[in-house]
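Reader: I should like to go through this model in a series of questions. Please show the sequence and the structure before we begin.

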Amino acid sequence: MAASAGPARFRVGVDIGGTFTDLVAYEPESGELVTAKALSGGDDIAASFSALLDGIGVARSDVDLLIHGTTVVTNLIIEKAGAKVGLITTAGFRDVLEIGWSFRDDAYDLQWTKQAPLVPRPLRLEVSERIGPTGKVEARLDDDGVRRAARELVRLGAQVIAVFFLHAYANPVHERRARRIVADEVPGVPCILSSDVDPRLGEYERVSTTVLSAYATPKLAGYADAIEAWVGKGRTAYFMQSEGGVIPSSTARSSPASLVLSGPAAGVLAACHVSELAKLPNLISMDVGGTSADVCVIREGRPGLREILEVAPSVPLRSPCIDVVSVGAGGGSIAWADQGMALRVGPQSAGARPGPACYGAGGTLPTVTDANVVLGITDAERLLGGRLRGKPKLAATAVGKLGRRLGMSTEDAALGIYRIANANMAQAIRTLTVQRGIDPRDFALVSFGGAGGQHAVEVAREMQVPTVIFPPHPSTFSALGLLTADVQMTRAAPVVGLLREVDPDLAARRFAELEDRVLKVLGRVSAAGQRPEFTRFANLRYRGQVHSIRTPVRRWEEPALVQEFEDSHFVSYGTRLGDPVEVVNVGVTGRLALERPRLAAGASTGRRLEILRKTGVLIEGREIPVVARASIGAGARVPTPCLVEEEDSVIYLPTGVSTVADAYGNLVCQVGAQARRRR
C-alpha cells in the first residue's frame with residue numbers, strides 16, 4: 001500500500017499483547033483494510049508503531065485517528081512494577097487495605113496465602129477527620145496531620161499519594177482539601193482521591209481501587225505522553241477501556257482503573273461485530289493469543305459486564321469491565337510437570353522473548369505452539385507468513401525432554417499438551433456458561449487470535465457447542481475490534497437505601513449531575529452538534545446482600561425497577577426472592593458513535609480451492625491437505641480434514657465437521673452436538 005500524499009486518512013487500531021503487537025489500518029473512502037503483526041517488546045512504543053506502519057506502506061502523517069488497546073496497566077500490576085504509593089486515611093482505618101474481605105474463592109484451599117497489600121503498613125498513615133454516611137461533617141479534617149503525613153510519606157519514598165477517607169463517597173470535601181494541602185506541602189507529587197476514582201459504598205473495594213489507580217498513574221501518564229507525541233497535534237488518540245468503549249488519551253491518563261482489560265475488550269467488540277453481521281446474537285468469543293485464552297459470553301449481541309475485577313486473589317478493582325475469563329492457554333503457555341508428575345500447561349508464558357522453543361530465539365521450555373509443531377498442526381517454518389522461520393527440531397527437543405521426564409514419547413507429550421490446553425479453554429467456557437446456568441449448546445463459538453484456530457473445533461466438541469465461526473484475519477481480529485468501538489464514558493454516584501424509600505427527584509438530580517460530568521469530557525471530542533447518547537442504570541440488590549446487579553433504568557418507578565432487577569437476578573442466579581430491594585448507587589453511560597469499518601460482502605467463487613501442500617498431522621494419523629484461505633470464496637465448502645492457512649494463522653478442521661464460507665469471509669464450521677472423539 002502506498003502512502004497518500006493528501007491529508008491524513010487512515011484510522012488505525014493497535015493492540016499490544018504479551019507476545020504480539022497487531023495493527024489494522026482502515027481507509028474509509030476506499031474501504032481498504034490492511035493488517036500488520038510483529039513480536040511485542042521494546043520500550044519505544046512510538047518506534048514500534050512506526051515500524052508496523054512502514055511494513056504496510058503507511059506514513060505516520062497519514063494517520064488521522066489512533067485507537068489503542070494496551071496491557072500497560074495489567075503488566076504493571078502483574079509484574080509489581082508500579083509506583084511506590086503512600087496512603088493517607090481516616091484515623092482507625094489504616095488496615096482496611098490489609099484486612100480486605102472475609103471470603104475467598106476456595107474456602108478449603110489449605111495452600112492459600114493472603115496477598116500482601118501494594119502499600120505496606122509504614123506507608124499507610126492516619127489523620128483525624130470524620131464524615132458520616134449521609135455526608136454530614138462530624139469531625140473537621142486535621143490539616144496539620146495531613147501536612148505531617150504528606151512529608152513523612154515522601155521521606156519514606158512515596159512517589160504518589162492516595163487519599164481514602166471514610167464516607168468520602170457521600171461528601172468529598174475533606175479529600176479535596178487534603179489534595180490541596182498535599183500539593184502545597186510536596187509539590188509535584190501526584191495525589192489520587194477515592195472520591196474521584198470510585199465514589200461508591202464499600203470501604204475495601206474503594207481503597208483497593210484507589211491504591212491500584214495511584215500505583216499505575218505515573219507510568220501510565222508517561223505512556224500516554226509518548227502516544228500523544230507520536231500521533232501529533234491536531235490528531236486524536238484513544239485508549240480502549242475494560243468496559244468496551246474508548247476514551248481520549250487525555251482522559252485515560254487519569255483513569256488507569258478503566259484500562260486493565262483493555263486488550264481482551266477489543267476482541268470481544270470484534271466478536272460482537274461478527275454477531276451483528278452473521279445475525280447470530282448469542283456467541284461465545286474465544287481469543288487465543290500468545291499468552292492467554294480469553295473467553296466471553298455474548299447474549300443478544302451484547303457482552304456480559306461485571307463491576308469488580310480481582311487483579312489478584314481477593315484484591316478487587318472496581319470499574320465496569322466486560323466479563324472475560326482468562327486462562328494461561330495461549331500459544332506461548334509453558335508446559336511443565338508438577339510435583340506429582342502430572343502434565344500441566346500455563347499460566348507461565350514464554351512471551352515474545354525468548355518465545356516458544358521453535359522460534360529459535362533462545363527459548364528451551366516446551367509451549368503449546370511447540371506441541372502444535374510436533375503434531376503437524378503448525379508449520380514452524382511459516383510463522384508470521386514466513387517472516388519468522390522457526391526450527392521444528394527445537395520444538396521436538398523441548399517437548400521430548402518434558403516427555404522423557406514423564407515417561408512419554410515426544411508425540412504423546414505433544415498430544416497431552418494439546419489436550420490439556422483444550423481442556424483449560426473448555427473450563428473457561430464452562431465457568432461462564434454451565435456454572436451460571438447457561439447452556440453452551442445454545443451458542444456459537446467465534447474463535448480468533450493467532451492460536452485460536454488450532455484448538456477451537458476440539459474445544460467446541462468438548463463443550464458440545466454446535467457451530468464454530470472463524471473470522472478473516474483472526475490473528476489481528478482484536479485490533480479490528482478497536483475500530484468498531486464507540487467513545488464511551490461511565491460515571492456513578494451513591495444513592496443508598498431501600499428502593500421504595502428513595503426520592504425519585506433525588507435520583508433524577510444524580511442522573512442529571514452525572515450526565516453533565518460525562519458531557520464535559522465527551523463534548524470536547526464530539527463532532528459539531530453531536531450529543532452523546534445516554535443510558536442510565538442503578539446497582540440494586542436484595543436487602544442484606546453483598547453483591548449488586550447493574551439494572552437498566554428506563555423510568556424511576558419502583559415496580560418497573562423491581563421487575564427489571566428480579567429478571568436479571570433470575571438470569572444470574574436462577575431465583576426471584578421477592579425480598580425488599582436496595583439501591584447502592586446510580587450511574588450513566590454516555591456514548592458517541594465513531595464510524596465503523598464497512599466490511600463488504602464478498603462475491604461467491606467459482607475458483608477451485610488452492611491446495612498449497614499436504615502435511616502429516618499426528619491427530620489424524622495421516623497426511624491432510626493445507627488449503628489457502630485466500631482461495632475460499634463466499635459459498636465455498638471446505639473439505640475436511642484439512643488445515644486452512646493464511647498469512648499469520650492456521651485453522652485445523654478435523655474429520656467429521658462441515659465448513660462453508662459465508663458472505664463476509666467467515667468460515668462457519670458445523671461441529672454438531674456430538675461429544676469429543678476418543679483417540
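**Strand pairing, packing and backbone**

Author: In this predicted model, strand β5 (residues 85-90) runs parallel to β6, and 4 bridges join the two strands.

Reader: Which residue of β6 is the bridge partner of I88?

Author: I88 pairs across to strand β6. That strand covers 124-127 and is an edge strand, pairing on one side only. The bridge partner of I88 there is L125.

Reader: What is the strand order of the open sheet with parallel pairing?

Author: The sheet has 4 strands, and its edges are β6 (124-127) and β10 (191-193). Neighbouring strands are turned by 25° against each other on average, direction ignored. The order is β6-β5-β9-β10.

Reader: At what angle does helix α5 run to β10?

Author: Helix α5 (residues 173-185) lies across β5, β9 (160-164) and β10. Helix α7 (residues 203-231) also packs on the sheet, touching β5, β9 and β10, and its direction makes about 165° with that of β9. For α5 against β10, the angle is about 180°.

Reader: Is H167 buried or exposed, and what is its relative accessibility?

Author: H167 is found in the loop between β9 and α5. Its phi is positive, about 60°, although it is not a glycine. The cut-off for a buried residue is under 20% relative accessible area. H167 therefore counts as buried, with a relative accessibility of 15%.

Reader: How does Q464 count in terms of accessibility?

Author: Q464 is another residue other than glycine with a positive phi, near 60°. Q464 lies in the loop between α13 (456-463) and β22 (467-470). Its relative accessibility is 30%, so the residue counts as partly exposed.

Reader: What is the strand order of the open sheet with mixed pairing?

Author: This sheet also has 4 strands. The edge strands are β27 (611-617) and β31 (649-653), each of which pairs on one side only. On average, neighbouring strands are turned by 30° against each other, direction ignored. The order is β27-β28-β30-β31.

Reader: Which residue of β30 is the bridge partner of A628?

Author: Strand β28 (residues 622-628) and strand β30 (residues 642-646) pair in the parallel sense over 3 bridges. The bridge partner of A628 in β30 is E645.

Reader: Which residue in the hairpin of β32 and β33 takes a positive phi?

Author: Strand β32 (residues 658-661) is joined to strand β33 (residues 667-670) by 4 bridges, and the two run antiparallel. The bridge partner of A661 in β33 is L667. The hairpin has 5 residues between the strands, and the positive phi, near 85°, belongs to G665.

Reader: Which residues form the covered face of β32?

Author: β32 also pairs with strand β29 (residues 637-638), antiparallel and through 2 bridges. The bridge partner of R637 in β32 is V660. V660 belongs with S658 to the uncovered face, while the covered face consists of T659 and A661.

Reader: How many of the 8 residues of helix α10 are buried?

Author: The buried residues of α10 pack against β19 (333-337), β20 (343-349), α11 (392-406), α12 (410-432) and β27. Among them are the polar-named positions T369, D370 and N372. The helix, residues 368-375, is largely enclosed by the rest of the structure because the number of its residues that are buried is 8 of the 8.

Reader: Where is the cis peptide bond that involves P347?

Author: P347 is found in strand β20. The omega of this bond is about 0°, and the bond joins G346 and P347.

Reader: What is omega for the cis peptide bond from T640 to P641?

Author: P641 lies in the loop between β29 and β30. The bond from T640 to P641 has an omega near 5°.

Reader: How many residues has the largest nonpolar core?

Author: The residues with the most contacts inside this core are V12, L23, I227 and W556. W556 touches, among others, L499, F511, L561 and V586. The core has 99 residues.

Reader: What is the radius of gyration of the protein chain?

Author: A compact globule of 679 residues would have a radius of gyration near 26 Å. The value for the protein chain agrees with this, so the answer is 26 Å.

Definitions and conventions. Residues are numbered from 1 along each chain as its sequence is written. This is a predicted model: local features need pLDDT of at least 70, side-chain atom pairs count only at pLDDT 80 or more; totals for chains, interfaces and linings use all residues. Side-chain values use heavy atoms; hydrogens and water are left out. A nonpolar core is a set of buried Ala, Val, Leu, Ile, Met, Phe, Trp, Tyr and Cys residues joined through side-chain atoms within 4.5 Å. Buried means under 20% relative accessible area, exposed over 50%, partly exposed in between (1.4 Å probe, protein chains only). Contact means heavy atoms within 4.5 Å. Two strands pair if DSSP finds at least two bridges between them. Axes are lines fitted to C-alpha atoms, for helices over the stretch in contact, and angles run from 0 to 180 degrees between N-to-C directions. The radius of gyration is taken over C-alpha atoms; the globule rule is 2.2 Å times the number of residues to the power 0.38. Lists of a residue's contacts leave out its neighbours within four places in sequence.
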